[in-house]
Amino acid sequence: MSFKLFELLLKASLYTIGISLVSILIGFAIAILLSGMLLSGRRALAVPARIFISFFRGVPLLVQLLLIYNLLPVIGLNVPSIVAAIIGLSLCTAAYQAENLRGGFASVPRGLIESAEMVGLTPSQAFRRIKVPIALRLTFPALVNEAILILKASSLVSVVGIVELTRMAQDLAGSTFLPLQLFACAGLIYLVINGVVARTGGLIERSLPGVPR
């Protein structure tokens with residue numbers, strides 16, 4: 001396989017990384033909102049959040065992408081394919097991240113919050129300084145794992161016309177008749193990307209307050 005083909009795969013991998021990163025960040029913001037709704041104790045907030053999470057965790061991502069891609073024009077939103085892909089990935093990962101965050105917040109001992117309030121911290125200060133750091137530490141490995149899963153699942157965005165790493169490998173394999181070499185190379189690139197994410201996540205996790213070095 002020539003270096004030119006490898007270079008094309010590397011360029012396509014930038015789309016994979018970019019789409020995944022933006023989707024993960026947007027999904028995390030949505031997940032914070034969803035987890036807050038779940039833990040609010042208000043049925044009017046918790047029920048819609050549960051329905052959202054159940055749908056996006058229960059329906060295959062491929063179906064979600066096709067549904068969103070075809071639904072947006074129907075409601076008058078003619079957006080580029082990449083926007084539809086990011087929306088689909090963001091909503092999907094938000095559902096999983098929300099469950100991870102909910103579990104983390106629910107695992108924070110109530111006694112710690114009560115003790116913080118007894119020493120003079122306001123509820124918002126106790127939330128920011130105690131609950132958030134502990135919940136983040138508890139859920140961080142799961143959040144990193146979800147990021148890796150989204151990076152791999154981003155290969156599905158090819159169904160809406162995005163030429164990311166997997167789609168590029170498919171297109172090149174069809175024109176060069178080198179499927180084994182191209183897909184092996186694409187797999188190696190995925191492995192390196194996810195290895196970097198896992199390594200970076202491990203370093204960040206060890207730097208979090210309260211984590212043994």
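From the N terminus on, the elements run α-α-α-α-α-α-α-α. Colour the chain by secondary structure to follow them: the protein has 8 helices and 0 strands. The model on display is predicted.

**The whole chain**

With every residue in view, the C-alpha trace can be seen to span about 70 × 50 × 25 Å along its principal axes. The protein has 213 residues, and 39% of them are buried. Switch on a surface representation next. The accessible surface comes to about 11,600 Å², and 69% of it belongs to carbon and sulfur atoms. Contacts within the protein may be considered as well: among those between residues at least 6 apart in sequence, 72% join residues at least 24 apart. To view the charges, select Lys, Arg, Asp and Glu. The protein has 17 positive and 8 negative charges, whose mean positions are 6 Å apart.

**Helix 1: Ser13**

Select residues 3–38, which form helix 1, and find Ser13 within that helix. Is Ser13 buried or exposed? Ser13 counts as buried because its relative accessibility is 5%, and the cut-off for buried is under 20%. Now display the residues around Ser13. Leaving aside neighbours within four places in sequence, Ser13 is in contact with Leu165, Ile189 and Ile193. Of these residues, Leu165 falls in helix 7, which covers residues 165–176, while Ile189 and Ile193 fall in helix 8, which covers residues 179–207.

A distance can be drawn from the same residue. Pick the C-alpha atoms of Ser13 and Arg43: they are separated by 43 Å, and the two residues are 30 apart along the chain.

**Helix 4: Gln97**

Move to helix 4, residues 81–107, and select Gln97. The relative accessibility of Gln97 is 3%, so this residue counts as buried. Which residues does Gln97 touch, not counting those up to four places away in sequence? They are Ile24, Gly27, Phe28, Ala31, Leu143 and Glu146. Ile24, Gly27, Phe28 and Ala31 lie within the residue range 3–38 of helix 1, the helix visited at the previous stop.

**The salt bridges**

Side chains of opposite charge can pair when their charged atoms come close. How many salt bridges does the structure hold? There are 3.

Stay in helix 4 and select Glu99 together with Arg57. These residues form a salt bridge in which the closest N and O atoms are 3.6 Å apart. Glu99 lies in helix 4 and Arg57 in helix 2 (residues 43–58), so the pair ties together parts that are 42 residues apart in sequence. Both partners are partly exposed: Glu99 has a relative accessible area of 23%, and Arg57 has one of 40%.

Add Arg102 to the selection. The side chains of Glu99 and Arg102 also meet in a salt bridge, at 3.4 Å from N to O. Here both residues lie in helix 4, 3 residues apart, about one turn of the helix. Arg102 counts as partly exposed, with 30% relative accessibility.

Proceed to helix 7, residues 165–176, and select Arg167 and Asp171, which are 4 residues apart, about one turn of the helix. They form a salt bridge, with the closest N and O atoms 3.4 Å apart. Arg167 is partly exposed at a relative accessible area of 27%, and Asp171 is partly exposed at 38%. Returning to the earlier selection, salt bridges that share partners join Arg57, Glu99 and Arg102 into one network.

**A nonpolar patch**

With the surface displayed again, select Tyr15, Leu71, Val74, Ile75, Leu77, Val79, Ile82 and Val83. Together these residues make a nonpolar surface patch of about 680 Å². Helix 3 (61–74) and helix 4 are the elements that give two or more residues to the patch. Centre the view on Val74, which lies in helix 3. Val74 counts as exposed because its relative accessibility is 66%, and the cut-off for exposed is over 50%.

**Helix 8: Asn194**

For the last stop, select residues 179–207, which form helix 8, and locate Asn194 there. Is Asn194 buried or exposed? With a relative accessible area of 12%, Asn194 is buried. Not counting residues up to four places away in sequence, Asn194 touches Ile148, Leu151 and Lys152.

Terms used:
Residues are numbered from 1 along each chain as its sequence is written. This is a predicted model: local features need pLDDT of at least 70, side-chain atom pairs count only at pLDDT 80 or more; totals for chains, interfaces and linings use all residues. Side-chain values use heavy atoms; hydrogens and water are left out. Buried means under 20% relative accessible area, exposed over 50%, partly exposed in between (1.4 Å probe, protein chains only). Contact means heavy atoms within 4.5 Å. Accessible areas come from the Shrake-Rupley method with a 1.4 Å probe; for residues, only the protein chains shown count as cover. Lys and Arg count as positive and Asp and Glu as negative; His and the chain ends are not counted. The place of a charge is taken as NZ of Lys, CZ of Arg, CG of Asp or CD of Glu. Patches are made of residues with over 30% relative accessible area and no salt bridge: like charges are joined within 9 Å, nonpolar side chains (Val, Leu, Ile, Met, Phe, Trp, Tyr) within 5 Å. A salt bridge is a side-chain nitrogen of Lys or Arg within 4 Å of a carboxyl oxygen of Asp or Glu.
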